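Welcome, and take a moment to turn the model around before reading on. The report below walks through it piece by piece.

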There are 2 protein chains.
Amino acid sequence: MKTPSSLDFLAEALRRLPGIGPKSAQRIAYHLMQHDRDGAAMLGRALTEAVERIHHCASCNTFTENEICETCLDPERDAALLCVVETPADQLMIEQTLTYKGMYFVLMGRLSPLDGIGPRDIHLERLMRRATDGVVQEVVLATNFTNEGEATAHYISETLKARGLKVSRLARGVPVGGELEYVDAGTIARAMLDRRST
Amino acid sequence: MKTPSSLDFLAEALRRLPGIGPKSAQRIAYHLMQHDRDGAAMLGRALTEAVERIHHCASCNTFTENEICETCLDPERDAALLCVVETPADQLMIEQTLTYKGMYFVLMGRLSPLDGIGPRDIHLERLMRRATDGVVQEVVLATNFTNEGEATAHYISETLKARGLKVSRLARGVPVGGELEYVDAGTIARAMLDRRST
């Protein structure tokens, strides 16, 4: 007995999704064919369209359907501030805070030598050109506070400071709503070192 | 800031997959656009093709690209035996045992009144016509040994026996390799009741 080839192909293609193994792929394929053909057709169109239309903003490197993304074209934004984030999801989180009105540069990754991800893979040369355009005054490093994110921030900071730019980093400390009893010692140590006069 | 609409559409479409919430959908969409565009294009094609080509076998109701599936057309198979399974995945498992050479009927579900799944949803009328074609001598019920599967088997069994057909059910008992200490009491009780002379 053979499964129809287009069903096999579908199960195989579903395995390209992160975290989907062979059994799940087969179950999802059967589910879609049996219970949600509209969903399958819609997802098929969505994937094809996204692959055709989505590329990187020539200015900030985020995902966009245009040459330059809407954020970069917005004349209301402060062109003297440039915030560096790892991913578009991080950029979205910062936007949701409504506390930042400058520009962005999206690395689409982080330095991670162990995974073979070097400065070229996160477009650092483009970031240098972007940051030294004469308009940008301050670069805010908003990479994650993981080991790789910190290393990336450190590397970018050193390179930009060598070119005379002002570089800042998101503040570290106790999270809003945090109870000291349940916050890890490293965070409290950092918050103590970075304490501010009130 | 707005995410590009085709990326939003992709994240929304990914949520149609079972077990994918909004955060995962966004993460998968970003992952595909950043790291696996070939995979995304391939999955898009696979979905579109599968929706176009896959339908149900007119005879056994399994998924096929043809009018009648290969298994039903195979002249080597014993047309006097009809095995009833819930899904094509179950059918595949039985095929892999190499112990059965008869025909199949795939319900594509199980009776589940609480979920509103009645006899019509699992094509029982078609099964009745198929089983009473004059060639089928014995119907082997291979639905799952869950509550719903057992109820489905019972319902089908009563209906078919009323029409004078021989109906059998897969044997229940201790699994191969099973240690009595770790097998549940219900299974052992069943194995005791169904004990066979050696």
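A residue is called buried here when its relative accessible area is under 20%. By that rule Y104(A) is buried, because its relative accessible area is 1%. Please keep in mind that this is a predicted model.

**How the two chains are related**

Let us begin with the overall arrangement. Two copies of a chain are related by a rotation about an axis and a shift along it. Here, a turn of 180° and a shift of 0.0 Å along the axis lay chain B on chain A with an RMSD of 0.0 Å. That is the relation of a two-fold axis. Which residue of chain B has its C-alpha nearest the axis? It is G44(B), at 2.0 Å from the axis. The copies meet through the same surface, because 100% of the interface residues of chain B are also interface residues in chain A.

**The sheet in chain A**

Now look inside chain A. Four strands form an open sheet there, in the order β4-β3-β5-β6 and with parallel pairing. The edges are taken by β4 and β6 (166-169) of chain A; each has a single partner strand, so one side of each is left without a neighbour in the sheet. On average, neighbouring strands of this sheet are turned by 25° against each other, direction ignored. Within the sheet, β3(A) and strand β5 (residues 138-141) of chain A run parallel and are joined by four bridges. If you follow C83(A) across, you will find V140(A) opposite in β5(A).

**The sheet in chain B**

Chain B has an open sheet of four strands too, with parallel pairing and the order β4-β3-β5-β6. With a single partner strand each, β4 (102-106) and β6 (166-169) of chain B stand at the edges, so one side of each is left without a neighbour in the sheet. Neighbouring strands of this sheet are turned by 25° against each other on average, direction ignored. Strand β3 (residues 78-85) and strand β5 (residues 138-141) of chain B are paired in the parallel sense over four bridges. L81(B) has E138(B) in β5(B) as its bridge partner.

**Helix α5 and its surroundings**

A helix lies across part of each sheet. In chain A, α5(A) lies across β3 and β4, running at about 160° to β4(A). In chain B, helix α5 (residues 88-97) lies across β3 and β4 of chain B and runs at about 160° to β4(B).

Which residues of helix α5 (residues 88-97) of chain A are buried? They are P88(A), D90(A), Q91(A), L92(A), I94(A) and E95(A). The cover over these buried residues includes β2 (63-64), α4 (70-73), β3 (78-85) and β4 (102-106) of chain A, together with α2 (22-35) of chain B. Just after α5(A), L98(A) takes a positive phi of about 60°.

**Aromatic rings**

Next, turn to the rings. A pair of aromatic rings is described by the distance of the centres and the angle of the planes. Over all chains, a search of the whole structure finds four aromatic pairs. Two of them are set out here.

| Pair | Centre to centre | Angle between planes | Kind |
|---|---|---|---|
| F63(A) and Y30(B) | 5.8 Å | 25° | stacked |
| Y100(A) and Y104(A) | 5.2 Å | 65° | edge-to-face |

The pair of F63(A) and Y30(B) joins two chains, because F63(A) lies in strand β2 of chain A and Y30(B) in helix α2 of chain B. F63(A) counts as buried at 3% relative accessibility, and Y30(B) is buried with a relative accessible area of 9%. In the edge-to-face pair, Y100(A) is buried, with a relative accessible area of 10%, and its partner Y104(A) is buried at 1%.

Rings also take part in another arrangement. In chain A, the charged end of R169(A) sits over the ring of F145(A), 4.0 Å from its centre. In chain B, the charged end of R169(B) sits over the ring of F145(B), 4.0 Å from its centre.

**A serine that reaches the other chain**

Finally, find S6(A) in helix α1 (residues 5-14) of chain A. Is S6(A) buried or exposed? S6(A) counts as buried, at 2% relative accessibility. Which residues is S6(A) in contact with, leaving aside its neighbours within four places in sequence? They are A50(B), R53(B), I54(B) and E65(B).

Technical notes: Residues numbered from 1 in each chain as written. Chains lettered and ligands numbered in written order. Predicted model: local features only at pLDDT ≥ 70, side-chain atom pairs only at ≥ 80, totals over all residues. Heavy atoms only, no water. Pairing = 2+ DSSP bridges. Axes fitted to C-alpha atoms, helices over the stretch in contact; angles between N-to-C directions. Contact = heavy atoms within 4.5 Å. Least-squares fit on C-alpha atoms with pLDDT ≥ 70 in both. Buried < 20%, exposed > 50% of the residue type's maximum accessible area, 1.4 Å probe, protein only. Phe/Tyr/Trp six-rings, centres within 6.5 Å; stacked < 30°, edge-to-face > 60°. Lys NZ or Arg CZ within 6 Å of the ring centre and 35° of its normal.
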